[in-house]
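Open the model in your viewer and keep the selection box at hand. The stops below say what to select and what is there.

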Amino acid sequence: MNRHLISAADLSRDDALLVLDTAEELAQLAERPVRKLPTLRGRTVVNLFFEDSTRTRISFEAAAKRLSADVINFSAKGSSVAKGESLKDTALTLEAMGADAVVIRHGASGAPHRLAGWVRGSVVNAGDGTHEHPTQALLDAFTMRRRLGRLDGLRVTIVGDVLHSRVARSNVLLLDTLGAEVTLVAPPTLLPVAVTSWPCTTSYDLSAALPKSDVVMMLRVQQERMTGSYFPSVREYSRRYGLDADRMALLPEHAVVMHPGPMNRGVEIAAEVADSVRSTIVEQVANGVSVRMAVLYLLLGGAEGKQ
Amino acid sequence: MTGSGAASGTAKGSTGWLIRAARLAGAELADIVITDGLITETAPPGRAVAAGRQVLDADQLIALPGLVDLHTHLREPGREDAETIESGTAAAALGGYTAVHAMANTEPAADTAGVVEQIWRLGRQAGRCDVQPVGAVTAGLAGRQLAELGAMADSAARVRVFSDDGRCVSDAALMRRALEYVKAFGGVIAQHAQEPRLTEGAQVNEGEISGRLGLAGWPAVAEEAVIARDCLLAAQVDSALHVCHVSTAGSVEIIRWAKSKGWRVTAEVTPHHLLLTEELAAGYDPVYKVNPPLRTAADVAALRAGLADGTIDCVATDHAPHPVEDKETEWAAAAFGMTGLETALRVVHAAMVETGLLDWAGVAERMSARPAVIGRLAAGHGSQLTPGSPASLVLYDPAARDQVDPAAHASRSRNSPFAGMVLPGRVTATFLRGNATVLDGKLAR
């Protein structure tokens with residue numbers, strides 16, 4: 001493994017499988033009466049969140065605490081950052097505190113790259129702008145493998161705002177590494193212009209893609225896209241690219257429906273789809289803790305994780 | 001190595017120089033005799049006599065006419081933390097420049113006769129390099145109404161080039177009026193071509209890299225559409241358009257087409273767009289953040305070909321100094337721009353001469369003669385090294401080669417994208433009207 005996890009492309013196939021296998025072992029812990037390992041005792045993990053994301057922060061916090069790490073939550077709101085402190089000065093402060101790992105969520109693409117140049121500890125990207133969110137991709141892959149038993153050859157369809165989605169970027173890279181076949185479905189306005197250079201296929205037609213999908217992953221439609229002329233109206237988007245019960249019926253029987261959350265029920269996903277047995281949305285949250293434990297464990301857990 | 005360029009004063013306080021054995025525009029060897037600020041003689045080597053002049057043994061260094069930059073950000077007034085006219089003209093002299101055009105996006109903007117005259121005077125006091133102010137096209141660079149172009153033209157600064165650089169005059173009607181209005185005093189509008197709506201929040205060239213990095217794309221069409229429109233407007237009103245920092249292959253084609261029609265369109269390209277590509281953004285280091293952005297290798301090839309065949313008239317640095325804190329940030333928060341004065345000739349050497357696309361006479365044309373004409377500079381800049389011409393020239397050692405170290409630059413800022421790169425050449429000496437501004441690669445005073 002690299003010292004940092006900034007992009008899903010940082011992971012070789014062996015690295016990625018090691019994370020998933022480790023997460024599988026750590027998941028067993030959740031069923032024990034004492035859900036805590038001493039592995040990272042005395043190590044400090046800083047959650048550095050420049051964007052509000054209670055879900056992701058709590059997931060990383062739970063993961064670090066279950067490994068007995070000391071956790072410092074550093075939220076930009078109400079801190080020196082809100083008073084204009086630069087990312088570099090924040091990094092130097094964390095460095096002085098002796099952070100072994102910094103989990104960073106930032107609104108600017110590439111902020112974790114910059115941070116990695118200023119701190120000695122490991123940097124874990126918990127979502128940067130419209131770039132990547134590699135632990136989300138790992139937990140998604142983990143969830144797919146648990147539900148469907150394999151990743152190699154799995155047909156995964158990712159639907160929605162690919163252009164601005166860090167979840168889509170990380171998933172395309174990781175799933176390609178793991179041998180899955182990814183199809184991106186979106187209106188042409190929400191695909192990057194050079195998407196043909198990505199290791200996946202693309203389509204503008206959701207209904208046509210669904211019968212050939214083992215997994216369909218619905219992306220959240222951000223509020224600001226709704227006013228940016230990316231599509232004429234939320235209603236039209238929902239009709240053409242939303243997953244409702246009728247469309248869900250086009251999926252093969254074994255197929256699952258995923259969503260990274262938070263959902264816009266009634267926009268990209270209908271309530272009855274989100275709540276159906278095919279939906280993995282609640283599992284994804286639980287799996288997130290196991291996968292993030294595995295990442296912290298492998299990045300910080302001693303010599304075997306640092307080769 | 002060829003000559004050190006070290007000078008030996010034989011008669012302190014004399015007004016003249018004898019430069020021995022320089023290669024004029026990289027071609028024939030000659031001695032150059034400078035008297036009272038003028039070149040008074042060029043003679044076969046060994047033929048000219050010192051006659052009390054200081055002697056500089058050029059020993060086969062290349063002599064080029066003093067370089068002229070059409071596009072420099074000197075930052076004064078307003079951002080003296082990034083650059084001053086003093087430090088910027090020192091950087092210019094060290095780069096071989098004897099004249100620079102100071103862009104108008106100062107604080108306050110150079111949009112009145114008072115501000116352009118202040119900049120012009122500060123340049124005269126600095127003395128190392130002529131500073132020709134560029135006037136803003138619109139008041140406060142706001143793109144709403146014309147600045148007092150005529151007052152700036154009539155001022156002591158004699159402004160002829162007008163630009164809202166950094167901001168595009170995107171309003172077609174306003175651009176048309178600006179082009180028309182400057183005809184009264186032989187001016188030119190230098191346009192930063194960037195369709196604003198197509199580039200909201202844009203960070204890097206739109207393409208494979210922008211998609212991969214998750215940075216908002218700056219599409220080629222946003223530059224090309226404005227250039228096409230402006231060429232048509234210039235034709236419509238028979239005025240002069242200068243296209244700043246052309247960065248795409250498509251722009252080169254449009255300019256070639258406009259020139260084939262005989263329209264009065266000129267264009268510049270920056271050193272960085274001739275050498276660097278968008279892949280450099282991959283590490284998110286904002287030292288590579290610039291507007292227009294670094295493009296693809298195919299664009300670089302088209303820009304080089306365009307500069308070689310004359311479609312692009314000249315090289316202009318777009319020297320854009322920024323303090324460390326404006327670059328030591330996340331990419332999107334960082335300022336656009338790169339320094340360039342002290343590396344421009346070396347980059348052109350690497351991109352155009354070492355590749356066989358231009359000879360040194362071609363470099364002289366594109367870095368001195370053409371920009372002097374486009375900039376409507378008073379006589380004396382851009383002229384060939386012949387008797388009777390002002391002795392503004394640069395001596396350049398083409399055999400030198402070393403790593404670029406921004407910490408050694410005279411510019412107040414360190415944001416050179418060439419830091420750490422090994423580049424050919426070294427500016428050994430610069431003369432402005434017979435006064436040495438640089439000797440032995442160092443500021444002369």
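**Stop 1: a three-strand run in chain B**

Select B:Val394 and B:Thr430: these two are bridge partners, with B:Thr430 lying in β18(B). Remember that this is a predicted model. Now widen the selection to strand β17, residues 393-403 of chain B. β17 and β18(B) run antiparallel and are joined by eight bridges.

Color β18, residues 422-432 of chain B, by burial. Is this strand mostly covered or mostly bare? Mostly covered: nine of its eleven residues are buried.

Move on to strand β19, residues 435-439 of chain B. β18(B) pairs with β19 through three bridges, again in the antiparallel sense. Pick B:Leu432 and B:Asn435 to see one facing pair, with B:Asn435 in β19(B). Two residues lie between the strands of this hairpin. Label B:Arg433 there: its phi is positive, near 45 degrees.

**Stop 2: the parallel sheet of chain B**

Select β10, β11, β14, β15 and β16 of chain B. In that order they make an open sheet of five strands, with parallel pairing. Which strands stand at the edges? They are β10 (161-162) and β16 (314-315) of chain B. Each has a single partner strand, so one side of each is left without a neighbour in the sheet.

Zoom in on the β16 edge. Strand β15, residues 265-269 of chain B, runs parallel to β16(B), and two bridges join them. Select B:Glu268 and B:Cys314 for one such partnership, the cysteine being in β16(B).

**Stop 3: backbone oddities in chain B**

Four loop residues deserve a look at their torsions. Start with two cis peptide bonds.

- Select B:Glu76 and B:Pro77. The bond between them is cis, with omega near 5 degrees. B:Pro77 sits in the loop between β7 (67-72) and α1 (85-94) of chain B.
- Select B:Glu107 and B:Pro108. This bond is cis too, with omega near 5 degrees. B:Pro108 belongs to the loop between β8 (97-102) and α2 (113-126) of chain B.

Next come two positive phi values outside glycine.

- Select B:Ala25. Its phi is near 50 degrees, positive although the residue is not glycine. B:Ala25 lies in the loop between β2 (17-24) and β3 (29-35) of chain B. Buried or exposed? B:Ala25 counts as buried, because it has 20 C-beta neighbours inside 10 Å, and 20 or more is the cut-off.
- Select B:Tyr284. Phi is near 60 degrees here, again a positive value in a residue other than glycine. Look for B:Tyr284 in the loop between α8 (271-275) and α9 (297-309) of chain B. B:Tyr284 has 27 C-beta neighbours inside 10 Å, so this residue counts as buried.

**Stop 4: chain A as a whole**

Hide chain B and show chain A as a cartoon. Chain A has eleven helices and nine strands. Its radius of gyration is 19 Å, close to the 19 Å that the globule rule gives for 307 residues, so chain A is as compact as a globular protein of that length. Along the principal axes, its C-alpha atoms fill a box of roughly 55 × 45 × 35 Å.

Color by burial next. Of the 307 residues in chain A, 51% are buried. A contact map is worth plotting too. Among contacts in chain A with a separation of 6 or more, 74% come from residues 24 or more positions apart.

**Stop 5: the parallel sheet of chain A**

Select β1, β2, β3 and β4 of chain A. They form an open sheet in the order β2-β1-β3-β4, and the pairing is parallel. β2 (70-75) and β4 (122-128) of chain A are the edge strands, each pairing on one side only. Neighbouring strands of the sheet are turned by 15 degrees against each other on average, direction ignored.

Narrow the view to β1 (residues 44-49) and β3 (residues 101-106) of chain A. Five bridges join this parallel pair. For one of the bridges, pick A:Phe49 and its partner A:Arg105 in β3(A).

**Stop 6: where the chains touch**

Bring chain B back. How many residues does each chain give to the contact? Chain A gives 21 and chain B gives 17.

Select α3 (87-97), α4 (111-116) and α6 (166-177) of chain A. These are the elements that give two or more residues to the side of chain A that touches chain B. α4(A) gives the most, with three residues. Finish by coloring this side of chain A by residue class: seven residues are nonpolar, nine polar and five charged.

Technical notes
Residues numbered from 1 in each chain as written. Chains lettered and ligands numbered in written order. Predicted model: local features only at pLDDT ≥ 70, side-chain atom pairs only at ≥ 80, totals over all residues. Helix = DSSP H or I, 4+ residues; strand = E, 2+ residues; numbered from the N terminus. Buried ≥ 20, exposed ≤ 12 C-beta atoms within 10 Å, placed from the backbone. Pairing = 2+ DSSP bridges. Contact = placed C-beta atoms within 7 Å. Nonpolar A, V, L, I, M, F, W, Y, C, P; charged D, E, K, R; others polar. Rg over C-alpha atoms; globule rule 2.2 N^0.38 Å. Axes fitted to C-alpha atoms, helices over the stretch in contact; angles between N-to-C directions.
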